[in-house]
Every structure is written in C-alpha cells, then in structure tokens.
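Visitor: I'd like to learn how to read the side chains in a model like this one. Could we start with how open to solvent a residue is?

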Amino acid sequence: YVADIFLAQSWRDSRLRLPENMSEDYRILDVDWLHNIWRPDCFFKNAKKVTFHEMSIPNHYLWLYHDKTLLYMSKLTLVLSCAMKFESYPHDTQICSMMIESPTQNTQSQQSLPPVSYVKAIDVWMSSCSVFVFLSLMEFAVVNNYMGPVATKAMKGYSDEDLREAIDDFKTPMRPDTERNRSPTRQPTIQYEQCCQGRATAIYIDKVSRFFFPFSFFILNVVYWSTFL
C-alpha cells in the first residue's frame with residue numbers, strides 16, 4: 001500500500017555547541033548540517049520504496065533548540081508491504097503496520113505473521129452455492145427419470161397428439177405391426193402401472209425439494225452471515 005507521511009525525528013545531543021549569537025528559542029538550520037552531526041539511523045522495515053518530496057523545494061527541515069535538541073521533519077511517500085489475511089473475505093478488515101527500526105536504537109518494532117493456508121469466507125459461500133446447484137440438477141434428473149418417456153417428450157416440445165400416442169403406448173400391450181393398425185381393446189398393463197407409480201414418486205420428490213432447497217438455503221444464510229459478520 002502507499003502512504004504519504006511527515007516523519008518527525010527528535011533527539012538531544014549534548015556534544016553540540018550552540019552559536020554564540022543564538023538568542024531565539026530555536027533556529028532553522030540548513031539540512032546540509034545533517035551530514036556533519038549525528039542523527040538516528042531509522043529505516044522502514046517493510047518499505048518497498050521511499051521517495052522524498054522535493055516539489056517545489058525539498059520538503060525537509062531541521063530545527064535546533066536551546067537545550068541542544070534537534071527536530072528533523074521530512075515528507076515522504078512510502079510504498080509498504082502488508083501481509084493481508086483473507087480468511088473472512090469479502091467481510092474482512094485489514095490492519096497494515098508501518099514498521100520503523102534502527103540498528104542502534106529500536107524506536108518501533110512490529111512483527112507480521114507469516115502467510116498460512118486457510119479457507120476464505122468467499123470460498124465457503126461459493127462452494128455451498130455450487131453444492132445447491134449440483135443437488136438441483138440431480139433432483140431434476142431423478143424426477144425426469146421417474147416421470148418416464150412421456151415427461152421427456154413433453155420437455156422436448158412434442159405436440160399434444162404425440163403425447164397422447166405415448167400415453168396410449170403405455171396403456172396398450174405390445175403387438176406385432178400387423179395388429180397395431182387395428183383398434184385393440186385398451187387394457188392396463190404392468191408397464192402402465194409402473195409409469196403411474198413412477199410419476200407419483202416424481203411428484204413427491206418434487207414437493208419435498210420445493211421445501212428442502214429454500215429452507216436449507218435459508219439456514220445456510222443464517223449460519224454464514226452470523227459467522228462472518
């Protein structure tokens with residue numbers, strides 16, 4: 001992430017000798033003085049890039065106070081790394097640290113946890129929705145199988161006359177082609193009874209599914225949102 005900051009560093013150096021003509025409480029010094037005096041060797045531990053602002057003049061200043069305290073301020077643009085955790089994504093809140101350290105004087109030190117493998121909230125949601133889609137397709141296939149070829153023809157857009165012929169085929173025993181042109185007596189067959197039983201089973205499965213799927217999806221929403229919000 002990118003951050004624009006004013007970095008203020010203050011320290012006291014008793015070895016300094018104040019100018020004899022210094023009557024004010026503080027004096028602004030030229031930043032070139034930093035090359036001739038001691039200053040903290042701070043650095044940003046998790047910085048990828050640091051840019052000093054020099055538009056339209058260099059944005060860094062040095063104050064010298066009567067008690068030999070120095071205050072150095074500079075404006076920086078930092079490109080910092082942040083180990084984000086997406087376990088609760090997209091309902092997550094990220095906290096990114098700005099780690100400043102010094103080899104000789106530790107001003108601030110924060111440790112970031114190493115990346116770990118975990119399941120994100122978005123993975124739970126998408127996987128659950130995929131399971132519901134798969135179960136819906138399975139329910140459709142099972143119901144279609146129990147309904148038999150009559151339902152298959154209806155879904156394929158067959159005409160009403162073709163559907164009536166398909167129903168008659170279930171009601172009529174199988175006969176040779178020579179006898180099919182006659183007007184046989186319509187008698188229920190075992191195949192027709194099985195078709196009726198299968199249709200009743202299909203209707204029952206469909207009614208149960210109409211309750212099961214919405215209720216299960218409601219339970220999923222309650223558990224999901226109460227867990228990740």
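Guide: Sure, take Arg27: with a relative accessible area of 23%, Arg27 is partly exposed. The scale calls a residue buried under 20% relative accessible area, exposed over 50% and partly exposed in between (1.4 Å probe, protein chains only). Keep in mind that this is a predicted model, where local features need pLDDT of at least 70 and side-chain atom pairs count only at pLDDT 80 or more, while totals for chains, interfaces and linings use all residues. Residues are numbered from 1 along each chain as its sequence is written, and side-chain values use heavy atoms, with hydrogens and water left out.

Visitor: Which residue forms a salt bridge with Arg27?

Guide: A salt bridge needs a side-chain nitrogen of Lys or Arg within 4 Å of a carboxyl oxygen of Asp or Glu. For Arg27 the partner is Glu24, and their closest N and O atoms are 2.9 Å apart. Glu24 is partly exposed too, at 29% relative accessibility.

Visitor: How many salt bridges does the whole structure have?

Guide: The search turns up four. One of them joins the side chains of Asp13 and Arg15, at 2.9 Å from N to O. The two ends sit in contrasting surroundings: Asp13 is buried at 8% relative accessibility, whereas Arg15 is exposed at 63%. Another is between Glu101 and Lys45, with 3.6 Å from N to O. Glu101 belongs to strand S7 (residues 100–101) and Lys45 to the loop between strand S3 (43–44) and strand S4 (47–52), so this bridge ties together parts 56 residues apart in sequence. Here Glu101 is buried, with a relative accessible area of 15%, and Lys45 is partly exposed at 40%.

Visitor: You keep saying "strand S-something". How do I read those labels?

Guide: They are DSSP runs numbered from the N terminus: helices (H or I) have at least four residues and strands (E) at least two. Thr77, for example, is in strand S6 (residues 69–80).

Visitor: What does the side chain of Thr77 join in a polar contact?

Guide: A polar contact is a pair of N or O atoms within 3.5 Å; within protein, one must be able to donate a hydrogen and the other to accept it, and residues adjacent in sequence count only if both atoms are side-chain atoms. The side chain of Thr77 makes one of 2.6 Å with that of Asp4. Plain contact, meaning heavy atoms within 4.5 Å, gives Thr77 further partners: beyond its neighbours within four places in sequence, they include Val2, Lys49, Val50 and His53.

Visitor: And the greasy part? Which residues make up the largest nonpolar core?

Guide: A nonpolar core is a set of buried Ala, Val, Leu, Ile, Met, Phe, Trp, Tyr and Cys residues joined through side-chain atoms within 4.5 Å. The largest one here has nine members: Trp11, Leu16, Leu29, Leu34, Ile37, Leu62, Leu64, Leu70 and Tyr72. Strand S5 (60–65) and S6 are the elements that give two or more residues to it. Look at Leu64 in strand S5: Leu64 is buried, with a relative accessible area of 5%. Setting aside neighbours within four places in sequence, Leu64 touches residues including Leu16, Met22, Asp25, Leu29 and Leu70. Asp25 is 39 residues away from Leu64 along the chain, yet their C-alpha atoms are separated by 8.6 Å.

Visitor: How many aromatic pairs are there?

Guide: Rings of Phe, Tyr and Trp (its six-membered ring) pair if their centres lie within 6.5 Å, and planes under 30 degrees apart count as stacked, over 60 as edge-to-face and the rest as tilted. That rule gives 11 aromatic pairs. Phe211 and Phe215 are stacked because their ring centres are 5.5 Å apart and their planes at 10°. Both are in helix H5 (residues 190–228), four residues apart, about one turn of the helix. Phe211 is exposed at 57%, and Phe215 partly exposed at 44%. Tyr224 and Trp225, in turn, are an edge-to-face pair, 5.0 Å centre to centre with 90° between planes. Ring pairs also link Trp125, Phe132, Phe217, Tyr224, Trp225 and Phe228 into a cluster.
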